[in-house]
Amino acid sequence: MKFQHYLFLLFSIVTFSQVSAQQPWFRLDTTTTVTRNGQTLQNPWAGGLNAGQFSTMDLNGDGINDLVAFDRTSNRVTTFLGDATAKTYRHAPIYEARFPPMSDWMLLADYDKDGRKDLFTHTSQGVQVFKQVPVGGSWAWKLFKPLLNSVGFSGKINLLVVATDIPALTDVDDDGDLDIVTFELLGNFLEMHQNMSMERYGVPDSLEFVRNGICWGNFVKEHCNDFSLGVDCGSVENLEKKNPGGRLMHAGNAVLLQDLNGDGKKDLLMGHVTCDNVARLVNTGTNRVGNFTRFDVNYPAKDPIEFTIFPAVYSEDVDFDGVKDLLAAPNVYANEGNLMDFQSSTWYYHNAGTTTNPVYELKQKNFLQDQMIDVGEDAAPAFFDVDGDGDLDMVVGTGGTRGETGFRGSLQLFRNVGDAKTPRYDWTAAEYLNFSSSLQLTHVKPQWADFNGDGVADLGFSGVSFKGIEYRYVPNRAARGQAVRLDMKEAAVVTLPANVQSGDHPYFYDVDQDGDLDLIVGTTQGNVRYFQNTGNAQKPVYELKTETLAGINANFAGRFVSVAVADFDLDGQPDLLTADQTGMVRVSHGGAWGQWNRRDSLLVQNGTSTYAPNLGAYPQATVADYNGDGKPDVAVGTHGGGVRLLTNVLPVVVTAVEPVSFNSFVVYPNPAEDYVQIRSSAPGVLDVISSGGRVLQENIQLGQESETTLNTSRWAPGLYLFRARYGERQEVRKVLVK
């Protein structure tokens with residue numbers, strides 16, 4: 001009882017089990033500096049972009065349009081606040097949590113003309129709509145239409161926009177309400193779904209649609225650029241006086257309607273799933289009864305848009321001059337054929353003309369991407385003191401980029417040029433270790449761990465080749481605490497269990513503290529396997545202990561699990577972190593290894609409230625105390641090729657190291673990282689106790705004028721008590737292990 005009281009005096013800790021369910025664990029870090037080529041990145045931790053879809057809205061109520069990007073490849077929303085003076089955008093993740101779960105496509109448009117953009121997105125049967133509503137001094141989304149309908153020959157049925165497509169949301173006929181133009185199921189005909197709200201009610205807020213004609217625009221197409229003009233679509237000027245025809249019935253089309261020549265008629269920009277270009281069709285009819293009579297297949301004429309496959313375009317003012325510019329991005333779910341450059345997949349054209357008679361000038365091919373960490377796709381971060389200067393650097397594995405030797409993954413080094421408590425990362429220009437020239441791997445995921453049992457962390461990594469998943473490590477020939485010495489020629493193969501497959505996430509950790517690394521595998525199917533190493537570091541033998549570690553079973557929603565281990569609740573016991581296809585990061589904690597009694601989503605600060613952030617599909621999570629406060633932080637590599645950084649904000653107070661009252665017992669260094677030295681001037685015994693009061697090691701013999709070394713490199717980061725017992729007397733030292 002005396003000792004437990006002494007524990008209380010030594011520590012002031014609020015653990016997960018003691019806090020309320022709304023206690024935030026982390027905050028999203030947007031301020032830690034990253035530089036590249038001497039330039040400071042504006043939004044280093046925004047998470048990258050692959051296939052962005054872009055809309056503007058006023059996020060913070062300052063009257064300036066901000067930018068919202070939805071990435072089709074990861075179903076992730078990224079929000080940016082606009083600075084009209086500096087003409088820049090600042091990543092503002094606080095607004096991302098307000099957006100509902102979405103897939104495939106998302107556009108913002110003000111359908112009811114109340115001055116607030118509303119949200120249109122895909123649902124399995126077509127289109128759903130969320131209305132932007134004021135809440136206090138802010139805003140929120142409220143589901144307005146779970147499914148849009150339109151009237152055709154068959155009566156009222158769902159207004160279908162196929163998942164692969166991007167529709168045009170605009171007031172086509174200039175009557176004050178929002179119409180929808182999209183391709184029918186087979187992707188051959190345009191359909192105009194005319195909003196009858198103004199005709200029927202005199203206000204634009206009803207979203208009641210009627211299909212105008214069999215098709216719209218008097219043309220048909222089937223494949224890339226094969227437009228057949230002069231088709232009679234049967235569209236009419238006064239739809240209320242005619243029985244509308246056709247039935248809603250796909251190949252993939254992205255459309256944008258905009259007056260491109262100043263004649264007051266809406267022309268068409270279109271990307272197709274089999275094309276690498278954007279075509280322009282010129283409207284010589286009216287807006288209500290469109291008639292496209294000529295086309296060209298490379299737009300703009302100067303510096304035309306060209307992606308490997310399926311471009312889409314978005315018209316928004318992104319340089320704050322009051323004129324709508326043009327953004328182009330691939331409208332894909334994945335890097336088909338590994339031909340796409342996802343580091344330069346957002347092309348920005350400044351409009352030097354007017355919104356209705358634009359003159360587009362290509363300014364850059366990596367809009368927003370040049371101001372964030374974006375390694376292409378599937379970033380996987382890992383932290384270690386690479387240069388031996390006492391702080392953590394970051395190495396990021398990549399999904400791959402195309403070069404002279406084909407599509408290969410690589411390692412990127414971000415050297416910490418700050419210090420252990422105030423990191424500043426410099427993204428070195430050269431590829432780390434010339435990785436891609438050594439190995440033909442994609443989807444590289446690094447991890448620093450002692451693979452050969454020599455007490456020094458090595459560089460391990462998984463990757464995918466034509467054989468499937470492979471794992472190797474490069475032995476670190478440097479002494480502990482020195483700059484690493486790695487030679488890719490020494491890379492050694494780690495033989496994984498036979499049932500580990502491409503898409504799985506191998507993670508090594510000494511679970512049983514026997515000096516060799518055990519194996520945890522987050523699987524493609526969603527469950528987590530645990531293999532105990534019954535061999536040794538030099539000759540590992542992995543024996544399956546469970547297919548469902550932490551009770552995590554195979555499940556479709558939570559597939560492609562990545563895992564990491566740390567003592568998140570600072571109870572002296574390792575916890576399990578998982579991130580999966582849902583975009584959620586969760587931690588299993590509150591018990592001994594494998595016996596955790598809680599699995600919680602990581603709560604993040606959002607002003608005065610908390611939320612569980614959605615970090616998008618295929619997240620790659622890792623753990624490191626990157627800011628040196630003794631608490632495990634989290635970094636998540638994204639499918640978009642970026643990194644999201646989460647700083648641990650749990651209310652833990654680490655008091656100063658207590659004064660030594662006797663000269664007989666000293667523990668150093670403090671904080672410790674790889675080892676601690678225990679110096680004793682008298683014989684006694686030593687116990688090591690977690691901050692939660694659990695005895696981890698006991699009865700370690702201390703000799704007269706002795707010095708004992710304990711290896712702490714595999715200990716979970718946290719606070720530990722070292723208790724030396726000398727007969728009736730005992731002394732306690734408090735040590736922070738990083």
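Which side chain does a polar contact of 2.6 Å join to that of Asp-378? The legends below, which describe a predicted model, begin with the whole protein and then take up this residue and several others.

**Figure 1. The whole protein, a predicted model of 738 residues.** Three helices and 59 strands are found in the protein. Its C-alpha atoms fill a box of roughly 105 × 55 × 50 Å when the principal axes are used as the frame. The radius of gyration is 29 Å, which agrees with the value near 27 Å that a compact globule with 738 residues would have. Of the 738 residues, 59% are buried, while the surface that the protein exposes comes to about 28300 Å², with carbon and sulfur atoms supplying 50% of that area.

**Figure 2. Close-up of Asp-378 and its surroundings.** Asp-378 belongs to the loop that runs between β28 (360–364) and β29 (380–384). The partner asked about at the start is His-639, whose side chain is joined to that of Asp-378 by a polar contact of 2.6 Å. Although Asp-378 is buried, it has no salt bridge, and the nearest side chain of opposite charge, that of Lys-445, is 7.7 Å away. A salt bridge would require a nitrogen of the Lys or Arg side chain to lie within 4 Å of a carboxyl oxygen. When residues up to four places away in sequence are not counted, Asp-378 touches Gly-397, Thr-398, Gly-399, His-443, Tyr-618, Thr-638, His-639 and Gly-641.

**Figure 3. Close-up of the loop between β24 and β25, with Pro-300, Asp-303 and Phe-310.** Most residues other than glycine have a negative phi, and most peptide bonds are trans. Against that background, the peptide bond from Tyr-299 to Pro-300 is cis, with an omega near -10 degrees, and Pro-300 lies in the loop between β24 (292–296) and β25 (311–316). Asp-303, found in the loop between β24 and β25, is not a glycine and yet has a positive phi of about 50 degrees. Phe-310, which is also not a glycine, has a positive phi of about 50 degrees and is likewise placed in the loop between β24 and β25. As for their surroundings, Asp-303 counts as partly exposed because its relative accessibility is 38%, whereas Phe-310 is buried, with a relative accessible area of 3%.

**Figure 4. Close-up of the cis peptide bond between Tyr-668 and Pro-669.** The bond that joins Tyr-668 and Pro-669 has an omega of about -10 degrees. Pro-669 is part of the loop between β53 (665–668) and β54 (675–680).

**Figure 5. Close-up of Arg-424 in strand β34.** Arg-424 has its place in strand β34, which covers residues 424–427. This residue counts as partly exposed because its relative accessibility is 39%. Asp-393 is 31 residues from Arg-424 along the chain, and the C-alpha atoms of the two are separated by 9.2 Å. Leaving aside residues up to four places away in sequence, Arg-424 touches Thr-33, Arg-415, Asn-416, Val-417 and Gly-418.

**Figure 6. Close-up of the salt bridge between Arg-211 and Glu-191.** Side chains of opposite charge can pair when their charged atoms come close. The structure holds 22 salt bridges, and in one of them Arg-211 pairs with Glu-191, their closest N and O atoms being 2.9 Å apart. This pair links distant parts of the chain, since Arg-211 is in strand β18 (residues 209–211) and Glu-191 in strand β17 (residues 190–195), with their positions 20 residues apart in sequence. Both partners are enclosed: Arg-211 is buried, with a relative accessible area of 5%, and Glu-191 counts as buried at 1% relative accessibility.

**Figure 7. Close-up of further salt bridges, including that of Glu-208 with Arg-200.** The side chains of Glu-208 and Arg-200 meet in a salt bridge with an N to O distance of 3.0 Å. Glu-208 counts as partly exposed at 25% relative accessibility, and Arg-200 counts as partly exposed at 37%. In another salt bridge, Lys-363 pairs with Glu-361, and their closest N and O atoms are 3.9 Å apart. Glu-361 counts as partly exposed, its relative accessibility being 34%. Elsewhere, Asp-112, Asp-114, Arg-116 and Lys-131 are joined into one network by salt bridges that share partners.

Key: Residues numbered from 1 in each chain as written. Predicted model: local features only at pLDDT ≥ 70, side-chain atom pairs only at ≥ 80, totals over all residues. Heavy atoms only, no water. Helix = DSSP H or I, 4+ residues; strand = E, 2+ residues; numbered from the N terminus. Buried < 20%, exposed > 50% of the residue type's maximum accessible area, 1.4 Å probe, protein only. Lys, Arg positive; Asp, Glu negative; His and termini not counted. Polar contact = N/O pair within 3.5 Å; in protein donor to acceptor, adjacent residues only side chain to side chain. Contact = heavy atoms within 4.5 Å. Rg over C-alpha atoms; globule rule 2.2 N^0.38 Å. Areas by Shrake-Rupley, 256 points an atom, 1.4 Å probe, with all protein chains shown as cover.
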